[in-house]
Amino acid sequence: MSSAYDDQNIFAKILRGEIPCNKVYEDEFVLAFHDIQPQSKVHVLVIPKGAYISFDDFSQEASDAELAGFFRAAGKIARDLGIAGEGYRALANHGVNANQEVPHFHLHLFGGQPLGRMIKVPG
Ligand code: AMP
């Protein structure tokens, strides 16, 4: 994966309002919206407003305020969605081995149903 942020990625376009999204929540640090191809009853993506490629980039380069703002918001979003009580999964794919498709850091929130055990690693 390139180390330069691609400002033409689809989530950058959503942040700029060039492409619509089904918005769940927004504040100064994050935007959250429903995944276009949901993989569970509730499947929401939480993205930072800053230009970060992946979890690896975000965890190294984001300010303390951005880190706190992001994770506080992600927890609140899950509670507001009503999935925190029964439980949910928060997942971030970084890089090629994880099949990250969109090079703007995003946290998947899966919930609203039993999710089974952790992901299966191909043999
Ligand atoms: P990842 O494989 O972790 O990069 O996941 C990218 C996710 O973005 C996938 O679950 C896609 O379904 C989702 N996605 C791609 N384009 C859009 C879009 N325009 N609006 C909402 N979700 C999207």
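**Aromatic pairs, a pocket and a ligand**

Let me begin with the aromatic side chains, where Tyr52, Phe55, Phe58, Phe70, Phe71 and Phe105 come together in one aromatic cluster. Please keep in mind throughout that what we are looking at is a predicted model.

When the whole structure is searched, eight aromatic pairs turn up. One of these is made by Phe11 and Phe33, whose rings meet edge-to-face, with 5.4 Å from centre to centre and 75° between the planes. Phe11 belongs to helix α1, residues 10-15, while Phe33 belongs to strand β2, residues 30-34, and so this pair ties together parts of the chain that are 22 residues apart in sequence. As for their surroundings, Phe11 and Phe33 are both buried.

From there I would like to move to the largest pocket, which holds about 900 Å³ of space. It is lined by 31 residues, and those closest to its centre are Asp35, Gln39, His43, Asn93 and His108. If you ask which elements give two or more residues to this lining, they are α1, β2, β3 (42-48), β4 (88-91) and β5 (107-111). Helix α1, which we have just met through Phe11, makes the largest contribution to the lining of the pocket, namely three residues. Sorted by class, the lining of this pocket consists of 16 nonpolar, twelve polar and three charged residues.

Now to the ligand, which has 16 residues around it, the closest being Asp35, Asn93, Glu101, His106 and His108. Asp35, Asn93 and His108 were also named a moment ago, among the residues closest to the centre of the largest pocket. Which atoms of the protein lie 2.8 Å from an oxygen atom of the ligand? In His106 it is a polar side-chain atom that lies at 2.8 Å from a ligand oxygen, and in His108 an N or O atom of the side chain is likewise 2.8 Å from an oxygen atom of the ligand. With Val102 the backbone is involved, since one of its N or O atoms there is found 3.0 Å from an oxygen atom of the ligand.

I will finish with a single residue, Ala68, which sits in helix α3, residues 64-81. Is Ala68 buried, exposed or partly exposed? Its relative accessible area is 41%, and therefore Ala68 counts as partly exposed, given that this class runs between the 20% limit for buried and the 50% limit for exposed. Although 39 residues separate Ala68 from Phe29 in sequence, their C-alpha atoms are 9.2 Å apart in space.

Conventions
Residues are numbered from 1 along each chain as its sequence is written. This is a predicted model: local features need pLDDT of at least 70, side-chain atom pairs count only at pLDDT 80 or more; totals for chains, interfaces and linings use all residues. Side-chain values use heavy atoms; hydrogens and water are left out. Rings of Phe, Tyr and Trp (its six-membered ring) pair if their centres lie within 6.5 Å; planes under 30 degrees apart count as stacked, over 60 as edge-to-face and the rest as tilted. Helices (H or I, at least four residues) and strands (E, at least two) are DSSP runs, numbered from the N terminus. Buried means under 20% relative accessible area, exposed over 50%, partly exposed in between (1.4 Å probe, protein chains only). On a 1 Å grid over the protein atoms alone, a cavity is a set of points where a 1.4 Å probe fits but cannot get out, and a pocket is an open set with protein on both sides within 12 Å along at least five of seven lines; lining residues have an atom within 4 Å of a point. Grid points are joined across faces, edges and corners, and a volume is the space filled by probe spheres set on the points. Ala, Val, Leu, Ile, Met, Phe, Trp, Tyr, Cys and Pro count as nonpolar, Asp, Glu, Lys and Arg as charged, and the others, Gly among them, as polar. A residue is near a molecule or strand if one of its heavy atoms lies within 4 Å of it. A polar contact is a pair of N or O atoms within 3.5 Å; within protein, one must be able to donate a hydrogen and the other to accept it, and residues adjacent in sequence count only if both atoms are side-chain atoms.
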